[in-house]
Amino acid sequence: MKRLRRAFLAPAWAVIGALFLGPLALVGLYSFLTRGAYGGLGQPWTLENYTRLLDPLYGAILVRSFLMAGAATAVCLLLAFPVALWIARAGPRRNLYLQLVIIPFWTSFLVRTYAWMFLLRDTGLFNTALQALGLIDEPLPLLYTPGAVLLGLVYGFLPFMVLPVYAALERIDRNLLEASADLGARPWATLTRIVIPLSAPGIRAGAVLVFIPCLGAYLTPDLLGGGKQIMIGNLIQNQFTTARDWPFGSAVSLALMLAAMALLVLFARRGAKELL
Amino acid sequence: MSNVGPVLELRNLTKDYPGHRALDGVSLEAPPGAFYALLGPSGCGKTTTLRLIAGFEPPTAGDIFLGGERINDRRPYERNVSTVFQNYALFPHLTVRGNVEYGLRRRGFDGLERRVREVLELVQLTGKDSRYPSEISGGERQRAALARSLVLAPDVLLLDEPLSALDPNLRKQVRAELKQLQRRVGITFLFVTHDQEEALSLSDRVAVMHRGRIEQIGAPEDVYLRPRTRFVASFLGAVNWLDGAGIRPEATRISRTAPAAGTRSLPATVERCVFLGNCLQVEARLATGQTVVAETSRLDGGFTAGESVHLWWRAADELLFPAEG
């Protein structure tokens, strides 16, 4: 019986080992090596890649990434909560609306991000429309700004907030809302005292699902930020491509991963089970 | 409110849902301090009535008066009524105390501490105040839900099948407690049930509902002994239908010898005799093939299957429905 169980789990372990644990070990290994003369890997073993992270230059990138991911998470929550609440109360049409939330996933994230570039650039839809209406004379600088990056992140990760929050809201017994009103609570009090506390598991799950990928985002800041407002993801990418400094890129990757895990552990104290 | 008018009055209350009428002209008056039962089978509109009074849904037509004031257009949080839900609907993230304080805080009452303590004492939940709903028993949950509503001193307490979520052994005990509690607090209780025994034993007034209408309103003895319709007669207890009249099994007598003149009787053959502990239930078949059930005292001796007997009853025990034709 035990042997059989192991046999059935073997493929899964093989995939996890070959595609996840193996590469991770490699990255860990690289992070303690020195950059070779022509960009490869070289000796000696060193901790310098990690000490370099303390440089204020990288600290600023780290802070900016956390701020950007935090802002994206907050905006996602503010936008997703009303939507999720509305869907949860939509009755038999819920499934249709949920499908609509998921529809963007039918197209590649890259293509959708490019679409935003076309909308936001100087000759894009927004600027031409505003100019045609005579509201502005010069095109507004929309693209290649922190705002554009935030917009792209919110747009990209909004469904990851809507779905868990919806799932939590949908589970709330309607009678509890009626009981709250019955006991004298106005709608706002019912929202803040009953609905939000009871949907906290969904909010936490959504926050993690949005924050962590935003923290490591690379495509959105690259395309919509124009490489001016680089985030950790771009830093890592640079190290592996332009800078050809794999050891440092590996160190940054691992540092990012550890930071994300630390955050998860922090959340896990309040029930990581909800995420699974 | 010093006048003796009804604390709650429903006038021609009607509620339509797409495709069906849940309530069809329901009118009733609940006097202050009454223990009022809305009795009926599922789907008869009794829970809808409660929801309209609480304000969870608007009536299609008709009026609701509370203490003489029309409250149709008030939101649930503006009505001084409170509901004990069938599943209690206790807030799972709040303790017993948090649940009881909830309404007081929303209404900005003072003297929170004292009032909470008093009501927890009243429902015998002292010492359980820091437990969460998931940490207390079903009976305790029911009492917590009662406390949460009673602490607000509502004009009318609405109870939706308050005993149905309890296990049957507990039900009779809680029934007695509920009755006692109502007498102590003196608040008008309007409770919904499909259990006729519950309605008869608890309430001082029963409205029997059927298909969105009230069939009869009266004291428990009235609706049981003098039902106005066949529906009321059969919903409140078993009935033998003989020659267009209804006779309750306990009023149906059975004897081996021909009964005295002046009583009504029919010959029958005993099919079965079941020992029920406090009585014997005899099933007998008439010449027409109809089966009649009679409950007789164990002390009168048993009957055996196949025996020829006489079924008889007093004219006064007949339930008649001339209005129904």
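**Two chains and how they are built**

Good morning, everyone; let me begin where the two chains meet, because there 17 residues of chain B are in contact with 15 residues of chain A. On the chain B side of this meeting place, the elements that give two or more residues are strand E6, residues 81-84, and helix H2. Helix H2 of chain B provides the largest share, with 3 residues. If we sort that side of chain B by class, we find 9 nonpolar, 5 polar and 3 charged residues. Please keep in mind throughout that what you see is a predicted model.

Let me now introduce the chains one at a time, beginning with chain A, which has 13 helices and 2 strands. The C-alpha atoms of chain A fill a box of roughly 75 × 75 × 35 Å along the principal axes, and of its 276 residues, 32% count as buried. When we take the contacts in chain A with a separation of 6 or more, residues 24 or more positions apart account for 70% of them.

Chain B, for its part, has 8 helices and 17 strands, and its C-alpha trace spans about 75 × 45 × 40 Å along the principal axes. Of the 325 residues of chain B, 39% count as buried. Among the contacts in chain B between residues at least 6 apart in sequence, 64% join residues at least 24 apart.

I would like to spend most of the remaining time inside chain B, starting with strand E3, which covers residues 35-39. How many of the residues of this strand are buried? The answer is 5 of the 5, so strand E3 of chain B is largely enclosed by the rest of the structure. It helps to look at the two directions in which the side chains point: B:Phe35, B:Ala37 and B:Leu39 point one way from the strand, whereas B:Tyr36 and B:Leu38 point the other way, and all are buried.

Which strands pair with strand E3 of chain B? One is strand E8, residues 188-193, which pairs with E3 in the parallel sense over 5 bridges, and within that pairing the bridge partner of B:Leu39 is B:Thr193. Another is strand E9, residues 205-210, which pairs with E3 in the parallel sense over 4 bridges, and here B:Ala37 has B:Val206 as its bridge partner.

Strand E9 of chain B is also the place of B:Val208, a residue that I would like you to find on the screen. B:Val208 counts as buried because it has 28 C-beta neighbours inside 10 Å, where 20 or more are required. Leaving aside residues up to four places away in sequence, B:Val208 touches B:Leu39, B:Gly40, B:Glu215, B:Gln216, B:Val223, B:Val232 and B:Phe235. B:Val208 and B:Cys44 are 164 residues apart in sequence, and yet their C-alpha atoms are 9.4 Å apart in space.

Let us turn from strands to a helix, namely helix H3 of chain B, residues 112-122, in which B:Val116, B:Val119 and B:Leu120 are buried. These three cover an arc of only 100° around the axis, which puts them on the same side of the helix. What do the buried residues of H3 pack against? They pack against helix H2, residues 96-106, and helix H4, residues 138-150, of chain B. The face of H3 turned away from its buried side carries the exposed residues B:Arg114 and B:Glu121. After helix H3 of chain B comes B:Gln124, whose phi is positive, near 55°.

Finally, let us look at an open sheet of 5 strands in chain B, where the order is E13-E17-E14-E15-E16 and the pairing is antiparallel. Why is one side of strand E13 and of strand E16 left without a neighbour in the sheet? Strand E13, residues 253-255, and strand E16, residues 291-296, stand at the edges and each have a single partner strand, so one side of each has no neighbour there. Neighbouring strands of this sheet are turned by 45° against each other on average, with direction ignored. Within the sheet, strand E14, residues 264-275, runs antiparallel to strand E15, residues 280-286, and 7 bridges join the two. As one example from this pair, the bridge partner of B:Val274 in strand E15 is B:Gln281.

Thank you for listening.

Key: Residues are numbered from 1 along each chain as its sequence is written. Chains are lettered from A and ligands numbered from 1 in the order in which they are written. This is a predicted model: local features need pLDDT of at least 70, side-chain atom pairs count only at pLDDT 80 or more; totals for chains, interfaces and linings use all residues. Two strands pair if DSSP finds at least two bridges between them. Axes are lines fitted to C-alpha atoms, for helices over the stretch in contact, and angles run from 0 to 180 degrees between N-to-C directions. A residue is buried if 20 or more other C-beta atoms lie within 10 Å of its own, exposed if 12 or fewer, and partly exposed in between; C-beta atoms are placed from the backbone. The arc is that of the directions from the helix axis to the C-beta atoms. Two residues are in contact if their C-beta atoms, placed from the backbone, lie within 7 Å. Ala, Val, Leu, Ile, Met, Phe, Trp, Tyr, Cys and Pro count as nonpolar, Asp, Glu, Lys and Arg as charged, and the others, Gly among them, as polar.
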